[in-house]
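Subject: Handing over the structure

Dear colleague,

I am passing on the structure below so that you can look through it at your own pace. My notes on what was found in it follow straight after.

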Amino acid sequence: GTKLMETERKLTDNGRHGNMAWQHLGVSPWLNRIGEDSGSDPLTGYLKGLSNSPAAATEFFNQQYISKDDPDNPFERDTDGGKKGKVSLSNFQYLFEEREWPKESDSHGDEVITGKNNLALALEAAATGHPAGEMPTADTPPHNAAQAKLVESIIHSVSEDPSRLTKSSYMSDSMGQIAAEYMPDINRALHAGTTKAKDLYLVAGSPAVLGDEDVTRFLYTVARNPEGYTAINLGQHSYTTSLMQYHFKHPDAYVVDPHYPQAESLKDGITDIAQAAGKVEGIIGAARAYENEVQGAEADAKYNAAIDAAGTWGGTVVGIGIGMATEPLPGPAGSLAGDLLGTAADEIISSITEGAKKDSTDQIVYRNGADWQDTKSSTYIMVEEAARKAGKAADNRYPLIEASVAHAAES
């Protein structure tokens with residue numbers, strides 16, 4: 001990988017790259033053609049390999065591509081009050097923000113996007129710690145500092161210039177998966193203030209330190225894609241339900257104040273969790289509504305198809321992004337992972353992917369993105385269900401809290 005990027009730097013000409021440059025090194029335009037791409041861009045195959053090698057991918061993307069002090073550095077950005085200056089770039093920044101990807105075509109002459117799609121898959125593996133396209137398992141370790149650093153870079157980059165993603169929307173499914181598995185970090189970022197937030201939104205391993213503006217812009221941008229929206233939606237509800245279950249089971253884990261009853265402190269904590277859920281659903285619901293305005297009914301059909309397809313994830317989907325540092329909860333970042341059929345979080349996910357609540361009236365959820373009221377109503381239904389199912393699973397229900405969470409999500 002290091003040698004490959006060194007060669008890439010030597011081919012840099014004011015940031016321009018393409019098939020011809022590699023061909024000058026003796027690379028055939030149809031080298032080792034085994035997939036849709038021509039094989040003329042060596043990075044395409046390398047990134048595909050990284051998508052199945054999480055540790056190598058994390059190390060690769062965090063490595064420096066070029067230093068600002070390199071005399072051959074062509075990259076300039078605003079560095080001081082509008083003045084342009086040379087900047088150092090990581091491999092991630094170069095590939096995601098600067099590289100001009102060679103145009104590829106299949107055997108029929110139709111354009112393909114294999115290179116950048118493999119970039120998205122490699123980023124997914126690098127950020128999550130498991131191969132792209134898979135779910136976390138009980139063997140997936142907590143996120144480490146290098147993974148958290150990369151996620152901070154990804155979220156800031158998309159927030160800084162959303163077109164980096166919207167111009168290649170097919171990368172959003174991987175971005176949505178990353179967001180879902182970093183839902184604890186995202187909830188912390190959306191939480192006003194810092195007092196006791198770490199005790200409310202528990203994270204094992206190294207947390208990604210994120211700003212609320214970056215998170216908001218990132219979630220909105222990713223959710224403009226149906227697959228990205230679906231991953232965030234399911235990850236958020238999975239995390240919310242499991243987090244509520246933990247705090248119902250451990251009511252003294254949040255704030256202990258001798259001046260207030262323990263139940264009142266618990267109610268404040270669950271209220272904050274419901275508010276964060278409302279923030280996430282409001283952000284991604286607004287993105288979906290915008291796409292409905294632009295594309296019309298066909299957009300809603302795409303979103304519903306993505307939700308239906310997510311049902312194939314089954315019980316493993318609730319392994320996404322729970323991230324609680326508690327001994328009874330195994331898996332990535334202390335999450336619930338693996339075979340979780342029948343758990344409270346699994347029931348919540350099934351309620352969404354099946355399109356109707358399992359054990360209540362046939363209230364359809366998240367099926368009409370064109371109607372903003374539908375997004376709100378669906379969110380209220382699901383946070384109430386989350387509180388009820390979580391309390392039942394923890395064998396410690398609080399009917400007053402269950403009755404108040406929808407109002408908290410609304411606010």
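With a relative accessibility of 1%, H237 counts as buried, because the cut-off for that label is anything under 20%. Please keep in mind, here and below, that this is a predicted model. H237 is found in helix 13, which covers residues 226-249, and its side chain makes a polar contact with the side chain of E281 at 3.3 Å. If neighbours within four places in sequence are left aside, H237 is in contact with E281, I348, I352, Y366 and M382.

To place that residue in the whole, it may help to step back to the protein chain, which has 18 helices and 6 strands. Of its 411 residues, 54% count as buried, and the chain exposes about 17800 Å², of which carbon and sulfur atoms supply 49%. Among the contacts with a separation of 6 or more, 68% are made by residues 24 or more positions apart.

The next topic is the interior. In soluble globular proteins, nonpolar side chains tend to be buried together. Here the largest nonpolar core has 89 residues, and the members that touch the most others are F61, L95, L219 and M244. Helix 14 (residues 262-295) gives the most to this core, namely 10 residues. As for M244, its contacts, again without neighbours within four places in sequence, are I270, I273, A274, V383, A386, A387, A390 and V405.

Which helices are mostly covered? Helix 10 (residues 183-190) is one of them, with 7 of its 8 residues buried; these are M183, P184, D185, I186, N187, A189 and L190. The buried residues of helix 10 pack against helix 9 (172-181), helix 12 (212-222), helix 13 and helix 14. Helix 5 (residues 91-98) is largely enclosed by the rest of the structure, because 6 of its 8 residues are buried, and those residues are N91, F92, Y94, L95, F96 and E97.

The aromatic rings deserve a careful look as well. A pair of aromatic rings is described by the distance of the centres and the angle of the planes. The structure holds 8 aromatic pairs. In one of them, the rings of F60 and F61 have centres 5.3 Å apart and planes at 70 degrees, so this pair is edge-to-face; F60 and F61 are both buried. Another pair, Y65 and Y94, is stacked, with 3.9 Å from centre to centre and 10 degrees between the planes. Because Y65 lies in strand 1 (residues 64-66) and Y94 in helix 5, the pair ties together parts that are 29 residues apart in sequence. Y65 and Y94 are also both buried. Ring pairs further link Y46, F60 and F61 into a cluster.

Last comes a hairpin. Strand 2 (residues 76-80) and strand 3 (residues 83-86) pair in the antiparallel sense over 4 bridges, and R77 stands opposite G85 in strand 3. The hairpin has 2 residues between the strands, and G81 takes a positive phi near 60 degrees in it.

With best wishes

Note on methods: Residues are numbered from 1 along each chain as its sequence is written. This is a predicted model: local features need pLDDT of at least 70, side-chain atom pairs count only at pLDDT 80 or more; totals for chains, interfaces and linings use all residues. Side-chain values use heavy atoms; hydrogens and water are left out. Buried means under 20% relative accessible area, exposed over 50%, partly exposed in between (1.4 Å probe, protein chains only). A nonpolar core is a set of buried Ala, Val, Leu, Ile, Met, Phe, Trp, Tyr and Cys residues joined through side-chain atoms within 4.5 Å. Contact means heavy atoms within 4.5 Å. Two strands pair if DSSP finds at least two bridges between them. A polar contact is a pair of N or O atoms within 3.5 Å; within protein, one must be able to donate a hydrogen and the other to accept it, and residues adjacent in sequence count only if both atoms are side-chain atoms. Accessible areas come from the Shrake-Rupley method with a 1.4 Å probe; for residues, only the protein chains shown count as cover. Rings of Phe, Tyr and Trp (its six-membered ring) pair if their centres lie within 6.5 Å; planes under 30 degrees apart count as stacked, over 60 as edge-to-face and the rest as tilted.
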